[in-house]
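Reader: I'd like to learn how to read the features of a structure like this one. Can you walk me through it?

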Amino acid sequence: MTTTQQPGLLLRLSGPLQSWGERSHFNERDTAAFPTRSGVIGLIAAAMGRHRGEPLDDLTQLSITIRADRPGLLLRDLHTVGGGLPPKDTVTTAEGKKRSGDTTTLLTHRTYLADAAFTLALTTPHGNATTLLEQVAAALAAPHWPPYLGRRSCPPEGPLLLGHFDDVLHHLVHLPLAAPRPQTSTRGVDFLADQPLDCLPLPDGTTQADGTSGAHPVGQVNDQPLSFHPRHRAYRARPLYRRTLHLPADQHTGLGTDHLNSLATYLTHHQVEGSTR
C-alpha cells in the first residue's frame, strides 16, 4: 500500500509500573497489555488542565498508534482500603451506610505492567488539526497536573514528549527501541492502533511476523472515552488493529542511559528548524 506522510507527535510511556484498566470494578483492578485510548486521552486532558466533567470531543479526534518496545511483566499487588479510620471515614456500603468493626478494612487486588515501555504516535484523521497537536504538545511539555501511566502511583520516567514530526509513522517504526538487543538478527515488535496499520512505512528488509498487514481489525476494545465525570463515566467500543513486524537487532538500544543516549542522538539528527522530520 502507498504510504503518505502524516504529521503528529511521538510520546514515550515508560516507567517502573504502568496500569491501564480495562474492566476494573470494585476490589479487582486489572490492566490492559498496552496503553488504552481512555488512559492516554485522560493523561493529555490532565496535562491540559481539564476537569473530569469537561467535554472531550476534540481529544477523541486523536488517533493513537502504539509500538510495544517492552511489553513488561504482569505484577499483582494486594492493597487494603479503609483500615484504621474513624467510622465516618470508612468505606461506604451499597446501602449508603458505613462499615464498622472488623469489616472496615477491604482487600483489593491491583494488576500492573512492570518494566514496560511503549512509544506512541498521535495523529489526526485528516492531518489538518495542527492547532490541536500544538496544544497537546505544549501541555505535555509543561503539564498543568502531573502525568501518570494509568494510575497516580505510576509516574513516567525519562522524556514523555519526544517531539512533533512531519512523518510521525516513519519515525514510530525507525526510532530506537527501548529493549535489549535480541540474540537473532530481528525481533517481532507489536504495533497496535485504532486505525488500519497497512500504511506503516516499513524499513528495507522488514518482514511481518504473522503475515498479516494490519488492514483489518482483530477485535474491539471498550476504551473510547465519552465522559470522565466521576459519576457519569462512559465509554464505547472501537476497533483494535494489530501488526507484528520483525525490526532489526541494531535498532534495539538497550535500557537506561544507553537507550536514552541513542534516543537523543536520533532526535538531534532529525531535528530541523524546530520541527522534527
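Author: Let's go through salt bridges, charge, cysteines, backbone and long-range contacts in turn. Keep in mind that this is a predicted model.

Reader: Fine. Let's start with salt bridges: how many does a search of the whole structure find?

Author: The general idea is to look for a side-chain nitrogen of Lys or Arg within 4 Å of a carboxyl oxygen of Asp or Glu. Searching the whole structure that way gives 7 salt bridges. One of the pairs is R50 with D58, whose closest N and O atoms are 2.5 Å apart.

Reader: And is R50 buried or exposed?

Author: Buried means under 20% relative accessible area, and exposed means over 50%, with partly exposed in between. R50 has 18% relative accessibility, so it falls on the buried side. Its partner D58 has a relative accessible area of 23%, so D58 is partly exposed.

Reader: Which residue forms a salt bridge with D69?

Author: That's R67, and the closest N and O atoms of the two are 2.8 Å apart. Apply the same cut-off to each partner. D69 has a relative accessible area of 3%, so it is buried. R67 comes out at 0% relative accessibility, so it counts as buried too.

Reader: What about R238: which side chain does it meet in a salt bridge?

Author: R238 meets D223, at 2.7 Å from N to O. Here it pays to ask where the partners sit: R238 lies in strand β10 (residues 234-248) and D223 in strand β9, so the pair ties together parts that are 15 residues apart in sequence. As for accessibility, both R238 and D223 are buried.

Reader: Now the surface. Which residues gather in a patch of positive charge?

Author: For a patch, you look for exposed-enough residues of like charge that have no salt bridge, with over 30% relative accessible area and joined within 9 Å. In this model R29, R52, R152 and R233 make up such a positive patch on the surface.

Reader: Take one member. Where is the place of R152?

Author: R152 sits in the loop that runs between α2 (130-141) and β6 (161-165). With 66% relative accessibility, it passes the 50% mark and therefore counts as exposed.

Reader: Next, cysteines. How many disulfides does the count come to?

Author: The test is a pair of cysteine sulfur atoms within 2.5 Å. By that rule the count is 0 disulfides. You can still ask how covered a cysteine is: C154, at 1% relative accessibility, counts as buried. C199 also counts as buried, at 19% relative accessibility.

Reader: How about the backbone? Which residue has a positive phi although it is not a glycine?

Author: When you scan phi values, pick out the positive ones and check the residue type. Here D115 has a positive phi of about 60° and is not a glycine. D115 belongs to strand β5 (residues 106-123). Its relative accessible area is 44%, so D115 is partly exposed.

Reader: Last topic: residues that are separated in sequence. What is the C-alpha separation of R187 and L247?

Author: The idea is to set the gap along the chain beside the distance in space. R187 and L247 are 60 residues apart along the chain, and their C-alpha atoms are separated by 5.7 Å. R187 is in strand β7 (residues 186-193), and it is partly exposed at 23% relative accessible area.

Reader: And how many residues apart in sequence are Q224 and D194?

Author: They are 30 residues apart, with 9.7 Å between them in space, C-alpha to C-alpha. Q224 is found in strand β9 (residues 219-227), and at 7% relative accessibility Q224 counts as buried.

Reader: What does the same reading give for prolines? Where is the place of P55, for instance?

Author: P55 is in the loop between α1 (37-47) and β3 (63-70), and with a relative accessible area of 61% P55 is exposed. Along the chain P55 and H229 are 174 residues apart, while their C-alpha atoms are separated by 9.6 Å. P125 is in a loop as well, between β5 and α2, and P125 counts as exposed at 54% relative accessibility. The C-alpha atoms of P125 and L62 lie 7.1 Å apart in space, and the two are 63 residues apart in sequence.

Note on methods:
Residues are numbered from 1 along each chain as its sequence is written. This is a predicted model: local features need pLDDT of at least 70, side-chain atom pairs count only at pLDDT 80 or more; totals for chains, interfaces and linings use all residues. Side-chain values use heavy atoms; hydrogens and water are left out. Patches are made of residues with over 30% relative accessible area and no salt bridge: like charges are joined within 9 Å, nonpolar side chains (Val, Leu, Ile, Met, Phe, Trp, Tyr) within 5 Å. Accessible areas come from the Shrake-Rupley method with a 1.4 Å probe; for residues, only the protein chains shown count as cover. Lys and Arg count as positive and Asp and Glu as negative; His and the chain ends are not counted. The place of a charge is taken as NZ of Lys, CZ of Arg, CG of Asp or CD of Glu. Helices (H or I, at least four residues) and strands (E, at least two) are DSSP runs, numbered from the N terminus. Buried means under 20% relative accessible area, exposed over 50%, partly exposed in between (1.4 Å probe, protein chains only).
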